[in-house]
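This report goes through the structure shown below, beginning with one solvent-exposed position and then moving to the chain as a whole and to selected residues.

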Amino acid sequence: MKLHGRTRLGVAAGLAILPARAKPRAYRWVLGYDIDPTARIGVSVIDADDVQIGPHVTVGHGNLVVHGGRLSIGEHSRIGWLNVIRGGDEVQFGRYVDVLR
């Protein structure tokens with residue numbers, strides 16, 4: 001069963017406060033996201049239809065990803081703090097990309 005809309009957003013917000021090491025597993029189990037176990041995600045809300053996060057990716061605190069179709073972040077990429085990524089059918093960050101605030 002896939003969650004949609006505000007329900008998925010609420011669940012994603014609840015998962016955002018988990019410890020960084022627990023998040024990849026929790027996101028995979030609860031929302032079906034494909035997140036590599038070596039990825040580190042800060043207190044950030046990730047709400048998209050399809051999420052793929054590669055190995056050694058770092059997502060900082062305070063980021064908001066909403067209303068997206070597909071989110072793909074390549075290996076060794078970094079998303080800094082306090083970024084808003086919203087809308088679109090597909091948002092793709094390649095390998096070794098830095099998005100900083």
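## A strand residue and its exposure

A residue counts as exposed when its relative accessible area is over 50%, as buried when that area is under 20%, and as partly exposed in between. The model discussed here is a predicted one, and with these limits H67 counts as exposed because its relative accessibility is 62%. H67 belongs to strand 5, which covers residues 64-73, and its backbone carries a positive phi of about 55 degrees although the residue is not a glycine.

A positive phi in a residue other than glycine is also found at Y96, where the angle is near 60 degrees. Y96, however, is placed in the loop between strand 8 and strand 9, the latter spanning residues 98-99.

## Overall architecture

The protein contains 2 helices and 9 strands, and their order along the sequence follows the pattern α-α-β-β-β-β-β-β-β-β-β. Taken along the principal axes, the C-alpha atoms fill a box of roughly 35 × 30 × 20 Å. The radius of gyration is 12 Å, which agrees with the value near 13 Å that a compact globule of 101 residues would have.

Of the 101 residues, 42% count as buried, and the accessible surface comes to about 5900 Å², with 56% of it belonging to carbon and sulfur atoms. Among the contacts with a separation of 6 or more, 10% are accounted for by residues 24 or more positions apart. The protein has 13 positive and 9 negative charges, and the mean positions of these two sets are 8 Å apart.

## The aromatic pair

A pair of aromatic rings is described by the distance of the centres and the angle of the planes. In this model the count comes to 1 aromatic pair. Y27 and Y33 form this pair, with 5.5 Å from centre to centre and 15 degrees between the planes, and the arrangement is stacked. As for the surroundings of the two tyrosines, both Y27 and Y33 are buried.

## Contacts around strand 5

S72, like H67, has its place in strand 5, but S72 is buried because its relative accessible area is 11%. Once neighbours within four places in sequence are left aside, S72 is in contact with Q52, V91, Q92 and F93.

G87 lies in the loop between strand 7, residues 84-86, and strand 8, residues 90-93. With residues up to four places away in sequence not counted, G87 touches V66, H67 and G68, so that the exposed H67 is among the partners of this loop glycine. G87 itself is partly exposed, because its relative accessible area is 25%. The C-alpha atom of G87 is separated by 19 Å from that of L100, which is 13 residues apart from G87 along the chain.

## Strand 4 and strand 9

T58 is found in strand 4, which covers residues 58-59, and it is partly exposed with a relative accessible area of 36%. Leaving aside neighbours within four places in sequence, T58 is in contact with R40, S77, R78 and I79. The C-alpha atoms of T58 and W81 are 10 Å apart in space, while the two residues are 23 residues apart in sequence.

V99, in strand 9, is likewise partly exposed, because its relative accessibility is 21%. Its contacts, not counting residues up to four places away in sequence, are R78, I79, G80, N83 and F93. R78 and I79 therefore appear among the contacts of both T58 and V99, and F93 appears among those of both V99 and S72. V99 and H61, 38 residues apart in sequence, have C-alpha atoms 13 Å apart in space.

## The loop between the helices

P19 lies in the loop that runs between helix 1, residues 5-15, and helix 2, residues 23-31. Because its relative accessible area is 54%, P19 counts as exposed. Between the C-alpha atoms of P19 and the buried S72 there is a separation of 22 Å, with the two residues 53 residues apart along the chain.

Definitions and conventions: Residues numbered from 1 in each chain as written. Predicted model: local features only at pLDDT ≥ 70, side-chain atom pairs only at ≥ 80, totals over all residues. Heavy atoms only, no water. Phe/Tyr/Trp six-rings, centres within 6.5 Å; stacked < 30°, edge-to-face > 60°. Buried < 20%, exposed > 50% of the residue type's maximum accessible area, 1.4 Å probe, protein only. Helix = DSSP H or I, 4+ residues; strand = E, 2+ residues; numbered from the N terminus. Rg over C-alpha atoms; globule rule 2.2 N^0.38 Å. Contact = heavy atoms within 4.5 Å. Areas by Shrake-Rupley, 256 points an atom, 1.4 Å probe, with all protein chains shown as cover. Lys, Arg positive; Asp, Glu negative; His and termini not counted. Charge placed at Lys NZ, Arg CZ, Asp CG, Glu CD.
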